[in-house]
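The questions below concern one protein chain. Each answer works towards a single value or name.

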Amino acid sequence: NVYGPGGGGGGGEDPCLPSLQVYPNPVNDDDLVVNLIPPPDPCGGIPSRMSQDGKNILKVYDMLGNLVYTKTYNSLEIRINDLNLKRGHYILNVFTSSGKTNKEIIIVE
């Protein structure tokens, strides 16, 4: 699923924030790929608020709010092959180096 600027569930209030792409969704035994997609450049004359070399933190929570997975990475793409989550719905948050959060609901089958 691809959401517009501001990410899914983030309200999209700032068009200069990256959007979030997560696939495949639902997740089976495949790797989960998470991409931060930079906003258009120039973004209304405002420089992009994300850096490809900044640290981004990915956190996955179950529907009760328990943290079940976390990983820090330094790129715009992360490939996760060790989720090992039970069947259900989860909230995936990506905290960017600019301090903004993008959210996505993922489904594990």
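Q: Is asparagine 84 buried or exposed?
A: This is a predicted model. Asparagine 84 has a relative accessible area of 72%. The cut-off for the upper class is over 50%, so asparagine 84 is exposed.

Q: What is the sign of phi at asparagine 84?
A: Asparagine 84 is found in the loop between strand 5 and strand 6. Most residues other than glycine have a negative phi. Asparagine 84 is not a glycine, yet its phi, about 50°, is positive.

Q: Which secondary structure elements does the protein have, and how many strands are there?
A: Along the sequence the pattern reads β-β-β-β-β-β-β. Helices number zero, and the count of strands is seven.

Q: What is the strand order in the open sheet of three strands?
A: The pairing in this sheet is antiparallel. Strand 1 (19-23) and strand 5 stand at the edges with a single partner strand each, so one side of each is left without a neighbour in the sheet. From one strand to the next the twist averages 15°. The order of the open sheet is 1-2-5.

Q: Which residue in strand 5 stands opposite leucine 32?
A: Strand 2 (residues 32-37) and strand 5 run antiparallel and are joined by four bridges. Strands of a sheet pair through backbone hydrogen bonds. Opposite leucine 32 in strand 5 stands isoleucine 80.

Q: Is isoleucine 78 buried or exposed?
A: Isoleucine 78 is found in strand 5. Leaving aside residues up to four places away in sequence, isoleucine 78 touches Leu32, Val33, Val34, Leu58, Lys71 and Tyr73. Its relative accessible area is 5%. Buried means under 20%, so isoleucine 78 is buried.

Q: What distance separates the C-alpha atoms of isoleucine 78 and valine 22?
A: Isoleucine 78 belongs to strand 5. Along the chain, isoleucine 78 and valine 22 are 56 residues apart, and their C-alpha atoms are separated by 9.8 Å.

Q: Which residue forms a salt bridge with glutamate 77?
A: Side chains of opposite charge can pair when their charged atoms come close. The structure holds one salt bridge. Glutamate 77 is partly exposed at 37% relative accessible area, and its partner is partly exposed at 47%. The closest N and O atoms of the pair are 3.8 Å apart, and the partner of glutamate 77 is arginine 79.

Q: Where is leucine 76 found, and what is its relative accessibility?
A: Leucine 76 is in the loop between strand 4 (67-73) and strand 5 (77-80). Leucine 76 and proline 38 are 38 residues apart in sequence, with their C-alpha atoms 8.4 Å apart in space. Leucine 76 counts as buried because its relative accessibility is 16%.

Q: Which residue takes a positive phi in the hairpin of strand 3 and strand 4?
A: Six bridges join strand 3 (residues 56-62) to strand 4, and the two run antiparallel. Within this pairing, leucine 58 stands opposite lysine 71 in strand 4. The hairpin has four residues between the strands, and the residue with a positive phi near 90° is glycine 65.

Q: What is the relative accessibility of asparagine 93?
A: Asparagine 93 is placed in strand 6 (residues 88-95). Not counting residues up to four places away in sequence, asparagine 93 touches Ile57, Leu58, Lys59, Tyr61, Thr101, Asn102 and Lys103. Asparagine 93 counts as buried because its relative accessibility is 9%.

Q: What is omega for the cis peptide bond that joins asparagine 25 and proline 26?
A: Most peptide bonds are trans. The bond from tyrosine 23 to proline 24 is cis, with omega near -10°. Proline 24 lies in the loop between strand 1 and strand 2, and proline 26 is found in that loop as well. For the cis bond between asparagine 25 and proline 26, omega is about 20°.

Q: What accessible area do Met63, Ile105 and Ile107 have together?
A: Isoleucine 107 is in strand 7 (residues 101-108), and its relative accessible area of 30% makes it partly exposed. Met63, Ile105 and Ile107 form a nonpolar patch on the surface, and their area together is about 250 Å².

Q: What share of the residues is buried?
A: The protein exposes about 6,000 Å², of which carbon and sulfur atoms supply 49%. Of the 109 residues in the protein, the buried share is 39%.

Technical notes. Residues numbered from 1 in each chain as written. Predicted model: local features only at pLDDT ≥ 70, side-chain atom pairs only at ≥ 80, totals over all residues. Heavy atoms only, no water. Patch = residues over 30% accessible without salt bridge, like charges linked within 9 Å, V, L, I, M, F, W, Y side chains within 5 Å. Areas by Shrake-Rupley, 256 points an atom, 1.4 Å probe, with all protein chains shown as cover. Salt bridge = Lys/Arg side-chain N within 4 Å of Asp/Glu carboxyl O. Buried < 20%, exposed > 50% of the residue type's maximum accessible area, 1.4 Å probe, protein only. Pairing = 2+ DSSP bridges. Axes fitted to C-alpha atoms, helices over the stretch in contact; angles between N-to-C directions. Contact = heavy atoms within 4.5 Å.
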